[in-house]
Amino acid sequence: MSSELPAGVERRVVDGRERLATRGEPVYGEPTDGEWRAWNPARSKLGAMLELGMETAFEGGERVLYLGAASGTTVSHVADFAGPTYAVEFAPRPARDLLSVAASRPRLFPLLKDARRPETYAHVVEAGVDAIVQDVATRGQARVALENRRFLADDGRLLLAVKARSEDVAREPAAVFEEITDELAAEYALLERRRLEPYHADHLAVVAEPR
Ligand SMILES: C[S@@+](CC[C@H](N)C(=O)[O-])C[C@H]1O[C@@H](n2cnc3c(N)ncnc32)[C@H](O)[C@@H]1O
């Protein structure tokens, strides 16, 4: 595992500017260059983590559990460079779009499931995934990470984006982030944390490994 970009993610000149890019069918109107599609860090917390040089430990080809896939903006890039990618989303409308995103990506498996109820997809998701990517932007973000710990290999990584306002609109984001990282410590050792400005306001990104 390394802090380099994973195989299958490159910095390429797309539409006149160097950008992160993966190879796959375009999904959200992103500019393309041949088979490469730009990965917009302002539309993707994981994209911002890579753009900011965080050590995601992705090398390419990993088994991934992605929580909060929405209509597939970020998970489509993940499935472009990773191995089997299980994409959990509980809202039916974005999950429908996710199905079309998966049509050209044989390694992407959309699951219309609630990430707070991992027992409902435990029969589908193989145990020992190499990475959990979480971006649920809802109250109880630490709990979701704790409850899905069971799927993560002992040497795997949690790549978590925490949105402060989803926990409490009124509280100072720094206080929310402290509370969440304290809660995570029950199951995870934190390796890196940083805020995602200028790409995403009031978001904390965390890289952690299981204890
Ligand atoms: C910020 S959006 C995700 C954006 C997406 N990760 C991306 O970068 O393309 C958060 C998504 O998480 C979903 N979500 C929130 N709580 C969830 C839960 N408990 N189970 C599954 N999905 C959930 C929401 O429906 C929403 O689509």
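In this predicted model, Ser166 is in contact with Ala137, Thr138, Arg139 and Gln141, leaving aside its neighbours within four places in sequence. Ser166 belongs to helix α5, which spans residues 164-167. The relative accessibility of Ser166 is 18%. Buried means under 20%, so Ser166 counts as buried.

Burial also marks helix α2, residues 73-81. Nine of its nine residues are buried, so α2 is largely enclosed by the rest of the structure. The buried residues of α2 include the nonpolar Val75, Val78, Ala79 and Phe81. Thr73, Thr74, Ser76, His77 and Asp80 of α2 are buried as well.

Internal voids were then examined. Two cavities of 30 Å³ or more were counted. The largest cavity has a volume of about 60 Å³. Three elements give two or more residues to its lining: α1 (45-51), β8 (129-134) and β9 (152-163). The lining of the largest cavity includes Lys45, Leu46 and Met49, which fall within α1 (45-51). Val133 and Gln134 also line the largest cavity, and β8 covers 129-134. Leu159, Leu160 and Ala161 are further lining residues, within the 152-163 range of β9. Ser44, Tyr66, Thr74 and Asp135 complete the lining.

By class, the lining of the largest cavity holds seven nonpolar, three polar and two charged residues. Lys45 and Asp135 are the charged residues. Among the lining residues, Thr74 is also one of the buried residues of α2.

Notes
Residues numbered from 1 in each chain as written. Predicted model: local features only at pLDDT ≥ 70, side-chain atom pairs only at ≥ 80, totals over all residues. Heavy atoms only, no water. 1 Å grid on protein atoms, 1.4 Å probe; cavity = no way out; pocket = protein on both sides within 12 Å on 5 of 7 lines; lining within 4 Å. Points joined across faces, edges and corners; volume = space filled by probe spheres on them. Helix = DSSP H or I, 4+ residues; strand = E, 2+ residues; numbered from the N terminus. Buried < 20%, exposed > 50% of the residue type's maximum accessible area, 1.4 Å probe, protein only. Contact = heavy atoms within 4.5 Å.
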